[in-house]
Amino acid sequence: MIFVTLEHILTHLSFSIISIVITIYLMTFLVHEIVGLRDSLEKGMIATFFSMTGFLVTRWISSRHFPLSNLYESLIFLSWSFSIIHMISKIWNHKNDLSAITAPSAVFTQGFATSGFSSEMHQSSILVPALQSQWLMMHVSMMLLSYAALLCGSLLSIAFLVITFRKNIDILCKSKIFLIKIKSFFFGKIEYLNEKKNVLKPLSFRNYYKYQLTRRLDYWSYRVISLGFTFLTIGILSGAVWANEAWGSYWNWDPKETWAFITWTIFASYSHTRTNQGLEGTNSALVASIGFLIIWICYFGINLLGIGLHSYGSFTLTSN
């Protein structure tokens, strides 16, 4: 009873803290001058990380097995993975370019886990025989860490595409304006030259800022996806060993295994495009964007259907 109460407190505490963090983060877009807002954001993410860590440790002690036995626990672990990626990116880069991705991802994932399931799904249960293995922690934790990293990297690629698309539209509009100005060149040469002097520097600065932003997005997308792809490879290999112990075969073409292989293939293709200078940039970002949808099908769609050998994660949504 004590563990259940403690889990309930830690879950809602972390969700409350991270909701406040999101509010603070949105305020930083409106008021850039207040330095304390950004400091509060980082402190809030640290508090959220420790709250979710406390929940997972408490669930681990009370259930006597690693808390990854159902979809509710895996979503909490996925939210925890987003927060730890946020912490690591903060150490690597003090500007923390990933905060716009990791913080909202953590709150939405945990919000769905907290309010989107029936109360029965929140309860810890005894593991089925197939899950009573030392490979549970290795396989499932690697898969969820890979999902978190790949989702973050894919979202960065989507942001890269959006900014690049808008930039191309701006260039097209400027080209049309330039043609119009050429037509009026002979009628107002002096006015055109004066306007050009006033507009050239702001436009150049704005284009340079967008260029630097897209470079950072592309850089972090590649780094995070590479990390997630490594975790995914380890997760699939450990899962194959576990499957051989549980079912007597390394690979059974189960729906979950099939979509995991498709996910691996998509991001292997992404890694290949990064080695080709003619394909990196927009082309690799398109591949990562496709991977974003594939991950959700692999992780959530198969669990929603509750089919195949990996049907332990099927769930019932709350009827509100």
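**Note on a predicted all-helical model**

1. Thr214 counts as buried, at 9% relative accessibility. Thr214 is placed in helix 7, which covers residues 189-247. Leaving aside residues up to four places away in sequence, Thr214 touches Phe160, Ile163 and Thr164. The C-alpha atoms of Thr214 and Leu161 are separated by 8.7 Å, although these residues are 53 positions apart along the chain. Leu161 and the residues touched by Thr214 fall within the numbering of helix 6, residues 135-183. The reader should bear in mind throughout that this is a predicted model.

2. On the overall fold, the protein comprises nine helices and zero strands. Read along the sequence, the pattern is α-α-α-α-α-α-α-α-α. Of the contacts with a separation of 6 or more, 79% are accounted for by residues 24 or more positions apart.

3. On burial and surface, 43% of the 320 residues are buried. The protein exposes about 17,600 Å², and carbon and sulfur atoms supply 70% of that area.

4. The largest nonpolar core has 67 residues. Those with the most contacts inside this core are Phe77, Leu78, Phe82, Leu144, Tyr147, Phe267 and Tyr299. At least two core residues are supplied by each of helix 1 (2-30), helix 2, helix 3, helix 4 (99-115), helix 6, helix 7, helix 8 and helix 9 (282-305). Helix 6 gives the most, with 16 residues.

5. A second point of interest in helix 6 is Trp135, which is found in this helix (residues 135-183). Trp135 touches Val140, Ser238, Val241, Trp242 and Glu245, not counting residues up to four places away in sequence. For Trp135 and Val241, the C-alpha to C-alpha distance is 8.3 Å, while the separation in sequence is 106 residues.

6. How many salt bridges does the structure hold? There are two salt bridges. In one of them, Arg59 pairs with Glu73, with the closest N and O atoms 2.5 Å apart. This pair links distant parts of the chain, since Arg59 is in helix 2 (residues 35-63) and Glu73 is in helix 3, 14 residues apart. Are these two residues buried or exposed? Arg59 is buried, because its relative accessible area is 1%, and buried means under 20%. Glu73 likewise counts as buried, at 0% relative accessibility.

7. The other salt bridge joins Arg274 to Asp218, and here the closest N and O atoms are 2.7 Å apart. Arg274 lies in helix 8 (residues 255-275) and Asp218 in helix 7 (residues 189-247), so this pair ties together parts of the chain that are 56 residues apart in sequence. Arg274 and Asp218 are both buried. As general background, side chains of opposite charge can pair when their charged atoms come close.

8. The surface carries a nonpolar patch formed by Ile88, Ile91 and Trp92, with about 370 Å² of accessible area together. Ile91 is found in helix 3 (residues 71-92). Ile91 is exposed, with a relative accessible area of 65%.

9. An unreviewed UniProt entry places the feature "transmembrane region" at residues 12-32, 44-62, 74-92, 144-165, 220-243 and 285-305. In the model, the span of residues 74-92 is 100% helix and 0% strand, with its end C-alpha atoms 27 Å apart. The span of residues 285-305 is also 100% helix and 0% strand, and its end C-alpha atoms lie 29 Å apart.

10. One backbone feature deserves inspection: Trp253 has a positive phi of about 50 degrees although it is not a glycine. Most residues other than glycine have a negative phi. Where does Trp253 lie? Trp253 is in the loop between helix 7 and helix 8. Trp253 counts as exposed, because its relative accessibility is 56%, and exposed means over 50%.

Note on methods: Residues numbered from 1 in each chain as written. Predicted model: local features only at pLDDT ≥ 70, side-chain atom pairs only at ≥ 80, totals over all residues. Heavy atoms only, no water. Patch = residues over 30% accessible without salt bridge, like charges linked within 9 Å, V, L, I, M, F, W, Y side chains within 5 Å. Areas by Shrake-Rupley, 256 points an atom, 1.4 Å probe, with all protein chains shown as cover. Salt bridge = Lys/Arg side-chain N within 4 Å of Asp/Glu carboxyl O. Helix = DSSP H or I, 4+ residues; strand = E, 2+ residues; numbered from the N terminus. Buried < 20%, exposed > 50% of the residue type's maximum accessible area, 1.4 Å probe, protein only. Contact = heavy atoms within 4.5 Å. UniProt positions renumbered as here; feature names shortened; annotations may be inferred. Core = buried A, V, L, I, M, F, W, Y, C linked by side-chain atoms within 4.5 Å.
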